[in-house]
Amino acid sequence: MRRRGSEVRIVVVSDGAASHPGSAKWPSDRLIAARARESLHALRRLGVCRKEVTFLRLPDGGLSARGARCRPVLNQALQRLGEMDMLVGPALTDAHPDHRAVAMVLRDHRFGGRRLTYQVWPPQRRMAARGRAVVMMGGAAAKGSLIRSHRTQLGAITDDPQGFSIAAHELAVFAHPVEYFVEER
């Protein structure tokens, strides 16, 4: 969308701190800061600058349990963004409860433009009904490079054996150069 000249605004809802709760080397504050830097680095490479990104820093892993807090905070952030003609967010069918919580808020948000959703977990390569395919310029290599910007999710944190890390087979699906979106009505 940026390459086509569109204005793009990104809202990062959770802080990312729950991925490695047993890490002594990566306490919450360090992990939150690193996750934000990783996101900004990847987004900058896509042409989205810092002023176009809002971090809500809601607690990672608990958005569905804290729905009463997620809903007003996310709705306020969307209202502050002003007029939009497209809203893109996670699908209601996503396996991650935080993604579903965000999807529910977006589904209920008063908005008259186009709505697109995407599936994160489990990673998929197939298009759903009413789907729209978007090809990543630069192909799998470019997309893989952007994904590798997120080191904290790719095994860089080694002192928490129960911590989250994207598996090689998941990374292969994520690096596929085509993203699939579903147009919601």
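Visitor: How many residues does helix α1 have, and how far does it reach from its first C-alpha to its last?

Guide: Bear in mind that this is a predicted model. Helix α1, which covers residues 28-45, has 18 residues and reaches 26 Å from its first C-alpha to its last, close to the 26 Å expected at 1.5 Å a residue. Just after α1 comes G47, whose phi is positive, near 90 degrees.

Visitor: Which residues of α1 are buried, and which elements do they pack against?

Guide: The term buried is used for a relative accessible area under 20%. In α1 the buried residues are L31, I32, A34, R35, A36, E38, S39, L40, A42 and L43. These buried residues pack against the strands β1 (10-14) and β2 (53-58), and also against helix α4 (139-147).

Visitor: Since β2 has come up, which residue in that strand has a positive phi although it is not a glycine?

Guide: The general idea is that most residues other than glycine have a negative phi. In this structure R57, which lies in strand β2, has a positive phi of about 55 degrees although it is not a glycine. As for its surroundings, R57 counts as partly exposed, at 43% relative accessibility.

Visitor: Where is there a cis peptide bond?

Guide: Most peptide bonds are trans. Here, however, a cis peptide bond joins W121 and P122, with an omega of about -15 degrees. P122 lies in the loop between β4 and β5 (131-135).

Visitor: How should I read the second largest pocket, and which residues lie nearest its centre?

Guide: One can begin with its volume, which is about 240 Å³, and then turn to its lining of 15 residues, of which L92, A103, R107, T117 and E184 lie nearest the centre. The elements that give two or more residues to this lining are β3 (86-90), α3 (97-108) and β4 (114-118), and the largest share, four residues, comes from β3.

Visitor: How many residues of that lining are nonpolar, how many polar and how many charged?

Guide: The lining of the second largest pocket divides into eight nonpolar, three polar and four charged residues.

Visitor: How many disulfides does a search of the whole structure find, and are C49 and C70 buried or partly exposed?

Guide: A disulfide would require a pair of cysteine sulfur atoms within 2.5 Å, and a search of the whole structure finds zero disulfides. C49 is partly exposed, with a relative accessible area of 31%, whereas C70 is buried, with a relative accessible area of 2%.

Note on methods
Residues numbered from 1 in each chain as written. Predicted model: local features only at pLDDT ≥ 70, side-chain atom pairs only at ≥ 80, totals over all residues. Heavy atoms only, no water. Expected span 1.5 Å × (residues − 1). Buried < 20%, exposed > 50% of the residue type's maximum accessible area, 1.4 Å probe, protein only. Contact = heavy atoms within 4.5 Å. 1 Å grid on protein atoms, 1.4 Å probe; cavity = no way out; pocket = protein on both sides within 12 Å on 5 of 7 lines; lining within 4 Å. Points joined across faces, edges and corners; volume = space filled by probe spheres on them. Nonpolar A, V, L, I, M, F, W, Y, C, P; charged D, E, K, R; others polar.
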